[in-house]
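Work through these exercises with the structure open beside you. Try each task before you read its solution.

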Amino acid sequence: MTLRFIGTTSDDGDCPTLYDIEGTDEILVQGERESEPEHLAQLRDVKESETFVRVPRSLLTRYAPRTGPPELQPFASVSHLFRDFKHTAWRLETRRGYASDRNSPKWPRFLAGEDIACGPDNTWRENVRAQTALGKRFERVRVADEPPSKGQKFLLASAPSNIAAGEDIRLLIRARAQELRLPEHDFWLFDSRVLVRFAFDDEDTTLGVYVTEDPAEVLAACQARDAAWHHAVRTEEFARRVRSTV
């Protein structure tokens, strides 16, 4: 089963930390193992397989989920959010590739070395133009490897058309994302209030999304957004760095 990072109150990357065990209603707690003999002697009904860790109360207060786990739903069920949000739509992209990109008509052109930076308008870019004209913001941070994967290079090559429509797309090296302890899952965050987390299969195909307004989940996403945005660089700068190493 997959562990999903929820949050930590540690500033230096040490424990304690909370993880969601996906597919269950359980939370995994990481912390310092309890070793005080007097405390251990007072524990009741201890099974041989059990251990005990210490975590600060503030960790549970800040991050412990206050609602049940959301159910998986089709991505189409949240399409209205891209029109109805009031201020910001923010995306974290963490994967090395996406099946939707590989199935795109632009993919074979990209593999053939053609320029895919520009293209005709589509529904997505038309909506971005309409929303940004109202003063709203579409922003993304894409986590990239060193060197970038083929899927990441495709997104880098095709980004100019989305940027021209009004998106602000930035990139962050994976090693830095790991230092910042960013989540390793993709999500959209709308108005710092609604969190839409993606589920993928092993072939990078979107299975659906989990939607929540749980304060702990939204707070963790907001913190990830702020850290990622601070350290990420604009697409143009990242593209120059990639070209300089080729």
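The exercises below cover a sheet, its strands, a surface patch and some salt bridges.

This is a predicted model, in which local features need pLDDT of at least 70, side-chain atom pairs count only at pLDDT 80 or more, and totals for chains, interfaces and linings use all residues. Residues are numbered from 1 along each chain as its sequence is written, and side-chain values use heavy atoms, with hydrogens and water left out.

**Exercise 1. The sheet**

Task: Find the order of the strands in the open sheet, then name its edge strands.

Solution:
- Step 1. Fix the terms. Helices (H or I, at least four residues) and strands (E, at least two) are DSSP runs, numbered from the N terminus. Two strands pair if DSSP finds at least two bridges between them.
- Step 2. Recall the background. Strands of a sheet pair through backbone hydrogen bonds, either parallel or antiparallel.
- Step 3. Trace the order. Eight strands run β6-β12-β11-β10-β7-β8-β9-β13, and their pairing is mixed.
- Step 4. Look at the ends. β6 (72-73) and β13 (233-234) are the edge strands, since each pairs on one side only.

**Exercise 2. Strands β7, β8 and β9**

Task: Work out in which sense β8 pairs with β9, and over how many bridges. Then do the same for β7 and β8.

Solution:
- Step 1. Take β8 (residues 137-144) and β9 (residues 167-173). They pair in the parallel sense, over seven bridges.
- Step 2. Match the residues. F138 has E167 as its bridge partner in β9. V143 is partnered by L172. A144 is partnered by I173.
- Step 3. Move to β7 and β8. This pairing is parallel too, with six bridges. Here A89 has F138 as its bridge partner in β8.
- Step 4. Add the helix. Helix α7 (residues 150-165) lies across β7 (88-93), β8 and β9. Its direction is at about 155° to β9. Axes are lines fitted to C-alpha atoms, for helices over the stretch in contact, and angles run from 0 to 180 degrees between N-to-C directions.

**Exercise 3. Cover on β8 and β9**

Task: How many residues of β9 are buried, and which way do they point?

Solution:
- Step 1. Set the cut-offs. Buried means under 20% relative accessible area, exposed over 50%, and partly exposed in between (1.4 Å probe, protein chains only).
- Step 2. Count. In β9, seven of its seven residues are buried. In β8, seven of its eight residues are buried.
- Step 3. Sort the directions. E167, I169, L171 and I173 point one way from β9. D168, R170 and L172 point the other way.

**Exercise 4. Strand β3**

Task: Describe the surroundings of I27 and L28.

Solution:
- Step 1. Place them. I27 is in β3 (residues 26-30). L28 is in β3 as well.
- Step 2. Check their cover. I27 is partly exposed, at 34% relative accessible area. L28 is partly exposed, at 31%.
- Step 3. Find the patch. I27, V29 and V53 form a nonpolar patch on the surface, with about 190 Å² of accessible area together. Patch residues have over 30% relative accessible area and no salt bridge; like charges are joined within 9 Å, nonpolar side chains (Val, Leu, Ile, Met, Phe, Trp, Tyr) within 5 Å. Accessible areas come from the Shrake-Rupley method with a 1.4 Å probe; for residues, only the protein chains shown count as cover.
- Step 4. List the contacts of L28 (heavy atoms within 4.5 Å). Leaving out residues up to four places away in sequence, L28 touches L3, T17, L18, Y19 and I21. The C-alpha atoms of L28 and T17 are 8.4 Å apart.

**Exercise 5. Salt bridges**

Task: Which parts of the chain does the pair R4 and E22 tie together, and which does the pair R234 and D168?

Solution:
- Step 1. Define the bond. A salt bridge is a side-chain nitrogen of Lys or Arg within 4 Å of a carboxyl oxygen of Asp or Glu. The whole structure has 24.
- Step 2. Take R4 and E22. Their closest N and O atoms are 3.5 Å apart. R4 lies in β1 (residues 3-8) and E22 in the loop between β2 (17-21) and β3, so the pair joins parts 18 residues apart in sequence. R4 is buried at 4%, whereas E22 is partly exposed at 26%.
- Step 3. Take R234 and D168. They meet at 3.3 Å, N to O. R234 is in β13 and D168 in β9, so this pair links parts 66 residues apart in sequence. R234 is partly exposed at 44%, but D168 is buried at 18%.

Terms used
Contact means heavy atoms within 4.5 Å.
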